Amino acid sequence: MKKIAIINDIHSNYLLLKLVLEDIKKYNVDDFIFCGDYITDGFDNDRVLNLIKNKTENIIAGNRDLSIANYDNKSWNGINQMKSMLYAYNNTTEENKNFLKTLPIFKIINIENQKICFSHGTPFNVRELVNSNSYDVFEELIDKFSCDIYLSAHTHIPFHTVYKNKHFINSGAVSCVVDNKPHSTYGILSIKENEVHYSQNELYYNFEDVKKYYTDSNYHKECKEWSNLILYTLRDGFDYCCGFIEYINKFSNGNEKTTSNLWHVKFEEYMHYKNLEIL
Ligand SMILES: [Mn+2]
């Protein structure tokens, strides 16, 4: 029997990653699979990357990891909505950026005769949104890869669907699960003689600890708007980041320069409208 922990969407949150890894100890796992988005939206990029890259070879890139790895070192300058991404870029070592560049967008591995395909969105598209009833995507994956287990991430919403005898799994997120609860989630896959068992796990954190972790940071000072949106998402399990982007797009029509100019004033408006105190 092999036990594998499935972890994704850490988003630079070393505090929650440590809590999750501590919780996983009780399972005595044989290995880990990491399904992307290790950095951005927080500040502990190097501590997160240094920790995970020494745990396993089963690591693929998420959209955020690729954005940082492939950044041209100019296009985000002076664009307010990219401040948080720029912070991640400027606060990750060259060594770790080079590590991110080496990551594939999907991998197929064999554990106890079970073929496991894992990616952040899908092997076709790192940003593809896969949910519990994405049957067209499931068909496409079965057709192309003939694996037994398919892991995806990116949506921050956990699911486990068995379809045509194949397992389709999203273990949720370490940081910013969006199912209205202040928790981190991860998966444990147990495989024994062609029998696959999956358990979805959740770990409730103390929001005050997470709040202090963020508000004490330089990231919070430099990227106040995004840091606030992340923090309240962590408190409420509601995606205030997407909520704010949708809100500001109503005024800017998605124009990058207009969005940048409106960034601060619309943030204050949005926080007021959502009845959230700016931290
Ligand atoms: Mn993602």
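Donors are taken here as N, O and S atoms within 2.8 Å of the metal, and because water is not among the atoms, sites may look incomplete. With that in mind, the model, which is a predicted one, offers a manganese ion with four named protein donors: D37 through OD, N63 through OD1, H120 through NE2 and H154 through ND1. These donors lie 2.1 to 2.3 Å from the manganese ion. Along the chain, the donors of the manganese ion follow the spacing D-x25-N-x56-H-x33-H. D37 sits in the loop between β2 (31-34) and α2 (45-53), while N63 belongs to helix α3 (residues 63-69), so this pair ties together parts that are 26 residues apart in sequence.

Accessibility adds to the picture of this pair. The relative accessibility of D37 is 2%, so D37 counts as buried. N63, at 5% relative accessibility, likewise counts as buried.

Turning to helix packing, two packed helices are described by the angle between their axes and the distance between the axes. For helix α10 (residues 240-252) and helix α11 (residues 256-273), the axes come within 9 Å and cross at roughly 120°. This crossing angle makes α10 oblique to α11, and the crossing of α10 past α11 is right-handed. On the α10 side, the contact is formed by Y240, G243, F244, I245, Y247, I248, N249, F251 and S252. Their counterparts in α11 are T258, T259, L262, W263, K266, F267, E269, Y270 and Y273. Sorted by class, the contact of α10 with α11 comprises 11 nonpolar, five polar and two charged residues.

Technical notes
Residues are numbered from 1 along each chain as its sequence is written. This is a predicted model: local features need pLDDT of at least 70, side-chain atom pairs count only at pLDDT 80 or more; totals for chains, interfaces and linings use all residues. Side-chain values use heavy atoms; hydrogens and water are left out. Donors are N, O and S atoms within 2.8 Å of the metal (3.2 Å for Na, K and Ca); water is not among the atoms, so sites may look incomplete. Helices (H or I, at least four residues) and strands (E, at least two) are DSSP runs, numbered from the N terminus. Buried means under 20% relative accessible area, exposed over 50%, partly exposed in between (1.4 Å probe, protein chains only). Axes are lines fitted to C-alpha atoms, for helices over the stretch in contact, and angles run from 0 to 180 degrees between N-to-C directions. Angles under 35 degrees count as roughly parallel, over 145 as roughly antiparallel, 65 to 115 as roughly perpendicular and the rest as oblique. A crossing is left-handed if the near helix is turned anticlockwise from the far one by less than a right angle, and right-handed if clockwise. Contact means heavy atoms within 4.5 Å. Ala, Val, Leu, Ile, Met, Phe, Trp, Tyr, Cys and Pro count as nonpolar, Asp, Glu, Lys and Arg as charged, and the others, Gly among them, as polar.
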